[in-house]
Amino acid sequence: MTPPETFPDLLNVGNNTDIALAGENKSPMRYAALRSLCRTTAADLATHGVGRNDRVAIVLNNGPVMAAAFLAFAASAVTAPLNPAYRADEFRFYLDDVRAKILILEKGDDSPARAVAAELGIPVVDLSAVAEGPVGAFALSPGTRPAKSGMAPTPDDVALILHTSGTTSRPKIVPLTQRNICMSAHNIANVLGLTPQDRSLNIMPLFHIHGLIGAILSSLSAGASIWCAPGFNALRFFAWMADAQPSWYTAVPTMHQAILIRAARNREIIDQAGLRLIRSSSSSLPTQVMAALEETFGCPVIESYGMTEAAHQMASNLLPPGARKPGTVGIAAGPEVAVLDGGNEPVPVGDVGEVCIRGANVTPGYEANPAANAEAFAGGWFHTGDQGHMDPEGYLTITGRLKEIINRGGEKISPREVDEILLNHPAVAQAVTFALPHDKLGEEVAAAVVAIKGETVDEGDLRDFVAERLAHFKVPRKVVVLEEIPKGATGKIQRIGMHEKLADHL
């Protein structure tokens with residue numbers, strides 16, 4: 001079957017009577033109702049002067065309504081989902097940067113985005129959940145323009161606007177086309193062997209590429225269903241699992257770790273759910289966590305490799321009987337993947353270089369940023385900024401972000417290598433290694449750890465533990481023990497800037 005290349009085509013995959021979206025305390029939304037909602041929303045947007053290629057900023061809380069809104073807006077316009085937790089200054093930057101034509105807010109929501117939109121002259125359109133409708137059903141406040149039928153989007157039209165994380169520079173705008181997104185969703189569904197009988201439990205935020213594509217669209221592209229949680233909450237995860245009875249879920253490693261902590265007391269729910277697989281993406285999954293997940297849930301854990309510029313997935317480990325290799329992110333799973341040297345030439349198998357990609361799911365380029373495009377899109381490849389190497393079977397190992405590699409007086413240290421050693425300590429639950437500025441060496445190695453509940457760890461003991469297993473220059477000169485490691489809005493741990501966040505401890 002030819003993969004769909006636009007949202008309307010993708011949403012036509014599922015059977016009318018099959019469930020598309022599900023959630024708490026309401027009847028599910030079936031594919032026929034989802035398609036009807038998309039048509040109604042297109043007509044409602046037209047009354048606000050919004051149609052193909054117009055940008056709709058969305059500030060909604062996680063859950064089925066946000067999922068349905070994303071799907072409906074992207075089927076007829078351009079979506080720009082923003083984190084509801086942003087402050088006024090952040091909304092001011094992002095709303096202006098994406099050139100939003102309207103802002104969608106839930107009726108009655110006093111988000112600072114409302115005042116910022118008024119300041120910027122951006123009309124606010126209120127969205128209301130339909131109480132008597134199925135889960136995810138909503139209506140928009142009426143506009144004043146005459147309704148007219150708009151043109152359907154083409155594969156090359158932009159469907160989604162997101163930003164890079166901006167940890168080392170000004171966030172860059174990543175426009176993803178209808179084709180980019182639909183191809184990535186198809187690739188994920190294909191790797192995971194999704195069928196209409198599958199159901200994902202989505203706990204990822206829906207202002208992030210992982211949740212939008214990795215959970216929602218991958219499922220819909222296979223005619224499967226999604227049970228949408230109202231955000232991630234480790235204390236409620238197993239209750240949601242009991243309600244949803246999912247066949248799989250996808251998350252970032254920190255979420256997996258929080259789930260594992262509470263798994264032992266929820267053994268009956270785990271056994272009843274009988275997950276077919278667990279997926280992990282968006283940051284490196286420690287091999288110890290992968291092993292614990294497989295032992296706890298009795299199913300394969302599929303680590304994948306994704307980033308915004310690739311509409312999420314680039315590589316993935318395989319379901320049995322294919323190989324999954326702990327510590328790797330698998331083989332190319334959509335775009336072409338290569339490890340190149342500084343001259344855009346492939347390095348020998350096993351050698352380290354920069355991971356580069358090209359293919360139908362890769363953004364055509366950053367918006368209004370010729371300097372970044374000249375650097376990132378060189379020689380016909382998108383340069384990811386990740387460092388890694390491939391084995392003879394094409395399995396890719398990521399050794400770190402090029403900008404995260406610690407340069408200690410000319411000695412290059414991969415933070416992930418130190419993480420792995422610290423996580424092998426019997427009392428360590430989480431670890432993150434990062435660069436600490438040094439007046440003579442330029443950078444020094446530092447780490448933050450969280451102890452396993454009920455255990456205590458000592459900085460000297462941890463340093464000795466690492467020193468027995470790694471060269472002396474890789475041993476952290478400072479180890480801080482925390483109750484929780486600071487995370488970004490999507491639950492990912494960001495090494496760059498960690499020393500600033502932990503300044504009071506260093």
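Reader: I'm new here, so let's start with the open sheet of 9 strands: in what order do they come?

Author: This is a predicted model, and its open sheet has 9 strands with mixed pairing. At the edges sit β2 (29-30) and β16, each pairing on one side only. Reading across, the order is β2-β1-β11-β10-β12-β13-β14-β15-β16.

Reader: Which residue in β14 is the bridge partner of I278?

Author: β13 and β14 pair in the parallel sense, over 3 bridges. I278 has its bridge partner in β14, and that partner is V301.

Reader: And what stands opposite S304 in β15?

Author: Strand β14 (residues 301-307) and β15 run antiparallel, joined by 4 bridges. Their hairpin has 4 residues between the strands, and A311 takes a positive phi near 55 degrees there. Opposite S304, in β15, stands S316.

Reader: Which residue of β16 does A315 stand opposite?

Author: β15 also pairs with strand β16 (residues 331-332), antiparallel and over 2 bridges. As for cover, 5 of the 5 residues of β15 (residues 312-316) are buried. The residue of β16 opposite A315 is A332.

Reader: At what angle does α3 run to β1?

Author: Helix α3 lies across two strands, β1 (19-22) and β11 (225-228). Both of these strands belong to the open sheet. The angle between α3 and β1 is about 135 degrees.

Reader: How many residues does the largest nonpolar core have, and which helix gives the largest share?

Author: The largest nonpolar core has 81 residues, and F7, F73, L217 and L220 have the most contacts inside it. The largest share of this core is 9 residues, and it comes from helix α3 (residues 64-74). So far as F73 goes, leaving out residues up to four places away in sequence, what it touches includes T41, L45, V56, I58 and F138. To answer in short: 81 residues, with the largest share from α3.

Reader: How many residues are in the other core that lies apart from it?

Author: Among the members of this other core are W240, I278, V289 and C299. I278 has already come up as the bridge partner of V301. The core that lies apart has 30 residues.

Reader: How many of the 9 residues of helix α9 are buried?

Author: Helix α9 (residues 253-261) lies across β12 and β13, at about 125 degrees to β12. Its cover includes α8 (237-244), β12 (248-251), β13 (277-280), α11 (287-297) and β24 (428-438). Among the buried residues are P253, H256 and L260. The number buried is 8.

Reader: Why do the buried residues of α4 sit on the same side of it?

Author: The buried residues of helix α4 (residues 88-97) are F91, Y94, L95 and D97. The face turned away from them carries the exposed residues D89 and D96. The buried ones lie on the same side because they cover an arc of only 165 degrees around the axis.

Reader: What covers the buried side of α4, and which residue just after it takes a positive phi?

Author: The cover over its buried residues includes β3 (55-59), β5 (102-106), α5 (112-120), β8 (158-163) and β9 (173-177). Just after α4 comes a positive phi of about 55 degrees, taken by R99.

Reader: What is the N to O distance in the salt bridge of R267 and D271?

Author: R267 and D271 both lie in helix α10 (residues 267-273), 4 residues apart, about one turn of the helix. Residues three or four places apart in an α-helix point the same way, because there are 3.6 residues a turn. R267 counts as partly exposed because its relative accessibility is 37%. The N to O distance is 3.1 Å.

Reader: Is K325, which forms a salt bridge with E393, buried or exposed?

Author: The closest N and O atoms of E393 and K325 are 2.4 Å apart. This pair links distant parts of the chain, 68 residues apart, with E393 in the loop between β20 (381-390) and β21 (396-401) and K325 in the loop between β15 and β16. E393 has 55% relative accessibility, so E393 counts as exposed. K325 has 18%, under the 20% cut-off, so K325 counts as buried.

Reader: How many salt bridges does the count come to?

Author: One of them joins the side chains of R469 and E468, at 3.2 Å from N to O. Others share partners and join E5, D156 and R179 into one network. The count comes to 26 salt bridges.

How values were computed: Residues numbered from 1 in each chain as written. Predicted model: local features only at pLDDT ≥ 70, side-chain atom pairs only at ≥ 80, totals over all residues. Heavy atoms only, no water. Core = buried A, V, L, I, M, F, W, Y, C linked by side-chain atoms within 4.5 Å. Buried < 20%, exposed > 50% of the residue type's maximum accessible area, 1.4 Å probe, protein only. Contact = heavy atoms within 4.5 Å. Pairing = 2+ DSSP bridges. Salt bridge = Lys/Arg side-chain N within 4 Å of Asp/Glu carboxyl O. Arc of directions from axis to C-beta. Axes fitted to C-alpha atoms, helices over the stretch in contact; angles between N-to-C directions.
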